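Let's take a walk through this model together, one topic at a time. Have the viewer open and follow along as you read.

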Protein chains: 2
Amino acid sequence: MTVTEANQFRAVCDAAGIAVTHQRQVVYQVLKSMNGHPSPEEVYAPVKVRIPSISLATVYKTIHLFIESGVFREVSLHHGTLRVETNARPHHHLVCIGCKSISDIDAEELGIGAAARKLPGGFLAKRYAVDVLGLCADCQKSLS
Amino acid sequence: MTVTEANQFRAVCDAAGIAVTHQRQVVYQVLKSMNGHPSPEEVYAPVKVRIPSISLATVYKTIHLFIESGVFREVSLHHGTLRVETNARPHHHLVCIGCKSISDIDAEELGIGAAARKLPGGFLAKRYAVDVLGLCADCQKSLS
DNA sequence: CTAGGTGCAAAGTATTTGCAACGCT
DNA sequence: AGCGTTGCAAATACTTTGCACCTAG
């Protein structure tokens, strides 16, 4: 890791109020160097090459810490368990970043319509599934 | 269940090419009667009241069957495991309904910008996370 | 020095699978 | 009758936790 990279990471940790450890530096660096949407196991593999003694649990803890601190994001805020849509109308989701609740909003009401079209890379778009991330009324109150 | 409901369900099963069983009828009916985004356990509870001998495994199998057949949708196509965003730029996701792959598309390129605003119900929108559902180039080929 | 971080192993949760018995068509 | 479906129990996958030791500040 270059001096610049180390300083950058130090600044990130200071901002988050967490300690700078060797493990965290390596996880940070590996994440920065990866493309796509790696799972904890996929992060663990290259990290373990550089720190053979590291445990998967530490990688999990570190990833969560980075997400809580806003250093990285997770792909889906509601990835936990399988959930079934009971609402058959075209709609999108209001996802509260405070309490993680999900409520529905009609597609029309949000003003983002579906649009079958070709996108760059030859991807054929069929429909949009929009998560509107924000704060529900209750969480706005409790934060004020 | 009314005669009409039973016929409706029979039509659904015929269209999907699956057998009409008592278990499936009850799971279908319970899902139709629920609001929100129930987990398999939450579906299992009321179903078990009506069919005490049913197993959770059957509820899982039935829900998956309904999703594959297009009878119900799942809330997130990529809910499986924790995934980290390594792309720091504002972007959205192209999710292939064929192979489940996820690739990124810049927010600008998609033409759906962020917009902090108040929505009905007092929800304070901070940003959008858009999944564009469709078929990637490879899956379009293999389906033709 | 000491609060916070780490590694290990065990526990927890969510989901899937193999298989014998059973029920729809 | 025959094949798909069910229930059970065991297996698997993913993630978290308790605790003794270690390390950054």
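The paragraphs below go from the pairing of the protein chains to the DNA, then to a loop residue and the cysteines.

Please keep in mind that this is a predicted model. A good place to begin is the way chains A and B are arranged. Chain B can be laid on chain A by a rotation of 180° with 0.0 Å of shift along the axis, and the RMSD of that superposition is 0.1 Å. The two copies are thus related as by a two-fold rotation axis. If you would like to find that axis on screen, look for B:His79: its C-alpha lies 1.7 Å from the axis, closest among the residues of chain B. And which surface does each copy use to meet its partner? Of the interface residues of chain B, 100% are interface residues in chain A as well, so the copies meet through the same surface.

Now turn to DNA strand C. It has 18 residues around it, and those that come nearest are A:Thr21, A:Thr58, A:Leu82, B:Tyr60 and B:His64. Both protein chains therefore appear in that list of nearest residues, a point you can check by name: A:Thr21 is from chain A and B:Tyr60 from chain B. 

Which helices help to build the surface near this strand? Helix H2 (22-33) and helix H4 (56-68) of chain A, along with helix H4 (56-68) of chain B, each supply at least two of its residues. H4(B) gives the most, with 4 residues. By residue type, the surface near DNA strand C divides into 8 nonpolar, 7 polar and 3 charged residues.

What part of the DNA does the protein approach? Among the atoms of DNA strand C within 4 Å of the protein, 84% belong to sugar or phosphate, and the rest belong to bases. Some individual contacts can be picked out on the phosphates. A backbone N or O atom of A:Leu82 is 2.8 Å from a phosphate oxygen of DNA strand C. For A:Ser53, a backbone N or O atom lies 3.5 Å from a phosphate oxygen of the strand. B:His64 uses its side chain instead, with a polar atom 3.4 Å from a phosphate oxygen.

While you are in this part of chain A, have a look at A:Ser55, in the loop between helix H3 (40-50) and H4. A:Ser55 is partly exposed, at a relative accessible area of 31%. Its C-alpha is separated by 9.9 Å from that of A:Gln23, although their positions lie 32 residues apart along the chain.

Next comes a backbone detail that is found in both chains. A:Lys100 has a positive phi of about 70° although it is not a glycine, and B:Lys100 likewise has a positive phi, near 70°. In chain A, this lysine lies in the loop between strand E3 (91-96) and strand E4 (102-106). B:Lys100 is placed in the loop between strand E3 (91-96) and strand E4 (102-106) of chain B. Are these lysines buried or exposed? A:Lys100 counts as partly exposed at 48% relative accessibility, and B:Lys100 counts as partly exposed at 47%.

Finally, the cysteines. How many disulfides are there over all chains? The count comes to 0. Take A:Cys139: the closest cysteine sulfur, in A:Cys96, is 3.6 Å from its own sulfur, which is too far for a bond, given that a disulfide needs the two sulfur atoms within 2.5 Å. A:Cys139 is buried, with a relative accessible area of 12%. In chain B, B:Cys99 is in no disulfide either, and the nearest cysteine sulfur, that of B:Cys96, is 3.8 Å away. B:Cys99 is partly exposed, at 41% relative accessibility.

Note on methods:
Residues are numbered from 1 along each chain as its sequence is written. Chains are lettered from A and ligands numbered from 1 in the order in which they are written. This is a predicted model: local features need pLDDT of at least 70, side-chain atom pairs count only at pLDDT 80 or more; totals for chains, interfaces and linings use all residues. Side-chain values use heavy atoms; hydrogens and water are left out. Buried means under 20% relative accessible area, exposed over 50%, partly exposed in between (1.4 Å probe, protein chains only). A residue is near a molecule or strand if one of its heavy atoms lies within 4 Å of it. A polar contact is a pair of N or O atoms within 3.5 Å; within protein, one must be able to donate a hydrogen and the other to accept it, and residues adjacent in sequence count only if both atoms are side-chain atoms. Ala, Val, Leu, Ile, Met, Phe, Trp, Tyr, Cys and Pro count as nonpolar, Asp, Glu, Lys and Arg as charged, and the others, Gly among them, as polar. Copies are superposed by least squares on the C-alpha atoms of residues with pLDDT of at least 70 in both. Contact means heavy atoms within 4.5 Å.
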